[in-house]
Amino acid sequence: MKTFLDSNLKKIFNKNLLPAYIWLIVIFIVSSIPQLHITSREIRNMDTIAHFFEYFIFGLLFKIGLYKIDKSRKYNIITVVIVSLFFAALDEIHQIIVPGRTPSIFDFFADFIGAGIASQIYELYLRRKYGNKSY
């Protein structure tokens, strides 16, 4: 059990995931801005749309990094799901303490769906590039 945990921790802290982690820092910084408003015309649900695209980029960067570490599709899909759920929840919890920001279940789902769709788009890209065989 200890070897399984050690090898998975080494994967999670691999340098190939650095772009995804830097992007998470950017998300955290933006989430820390109190009362973030759109300066031009208000777009309905803009906050939720922004959450979707923030996590779409994260999901893509994370999936690309994971693929460089381990080509196991099952491992990568499970890891993207778990990590994106964790950070989406953490992002919404963080917004509780930011003045003018409130957590939203819709933003949470937008985060998760954005990361998931990006991950699946990369999966489709890999299948097209390598065919149905295991990459």
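I take a residue as buried when its relative accessible area is under 20%, as exposed when that area is over 50%, and as partly exposed in between. The model I am reading is a predicted one, and I keep that in mind throughout these entries.

**Entry on two phenylalanines.** With those limits in hand I looked up Phe-87, and its relative accessible area of 22% makes this residue partly exposed. I then looked up Phe-58, which counts as buried at 1% relative accessibility. Phe-62 is buried too, with a relative accessible area of 1%. Turning to the rings of Phe-58 and Phe-87, I found their centres 6.3 Å apart and their planes at 65°, and because planes over 60 degrees apart count as edge-to-face, I entered the pair under that heading. Phe-58 belongs to helix α3 and Phe-87 to helix α4, so this pair ties together parts that are 29 residues apart in sequence.

**Entry on the other ring pairs.** I searched the whole structure for aromatic pairs and noted ten. One of them joins Tyr-21 and Phe-62, a tilted pair with 6.3 Å from centre to centre and 55° between the planes. Tyr-21 sits in helix α2 and Phe-62 in helix α3, so here the parts tied together are 41 residues apart in sequence. Following the pairs from ring to ring, I arrived at a cluster made up of Tyr-21, Tyr-55, Phe-58, Phe-62, Phe-86 and Phe-87.

**Entry on the core.** I next asked which residues make up the largest nonpolar core, and I listed twelve: Leu-17, Ala-20, Leu-24, Ile-27, Tyr-55, Phe-58, Phe-62, Leu-66, Tyr-75, Val-80, Val-83 and Ala-115. Helices α2 (18–31), α3 (46–69) and α4 (73–94) each supply at least two of these residues, and α3 gives the most, with four. As background I note that nonpolar side chains tend to be buried together in soluble globular proteins. For Val-80, once neighbours within four places in sequence are left aside, I recorded contacts with Phe-62, Lys-63, Leu-66, Ala-115 and Ser-119.

**Entry on charged residues.** Where is the nearest side chain of opposite charge to Glu-54? I found Arg-101 at 6.5 Å, and Glu-54, though buried, has no salt bridge. Glu-54 lies in helix α3 and, not counting residues up to four places away in sequence, touches Trp-23, Ile-27 and Val-30. Last, I looked at Lys-71, whose charged end sits over the ring of Tyr-67 at 4.5 Å from the ring centre.

Key:
Residues are numbered from 1 along each chain as its sequence is written. This is a predicted model: local features need pLDDT of at least 70, side-chain atom pairs count only at pLDDT 80 or more; totals for chains, interfaces and linings use all residues. Side-chain values use heavy atoms; hydrogens and water are left out. A nonpolar core is a set of buried Ala, Val, Leu, Ile, Met, Phe, Trp, Tyr and Cys residues joined through side-chain atoms within 4.5 Å. Buried means under 20% relative accessible area, exposed over 50%, partly exposed in between (1.4 Å probe, protein chains only). Helices (H or I, at least four residues) and strands (E, at least two) are DSSP runs, numbered from the N terminus. Contact means heavy atoms within 4.5 Å. Lys and Arg count as positive and Asp and Glu as negative; His and the chain ends are not counted. A salt bridge is a side-chain nitrogen of Lys or Arg within 4 Å of a carboxyl oxygen of Asp or Glu. Rings of Phe, Tyr and Trp (its six-membered ring) pair if their centres lie within 6.5 Å; planes under 30 degrees apart count as stacked, over 60 as edge-to-face and the rest as tilted. A charge sits over a ring if NZ of Lys or CZ of Arg is within 6 Å of the ring centre and within 35 degrees of the ring normal.
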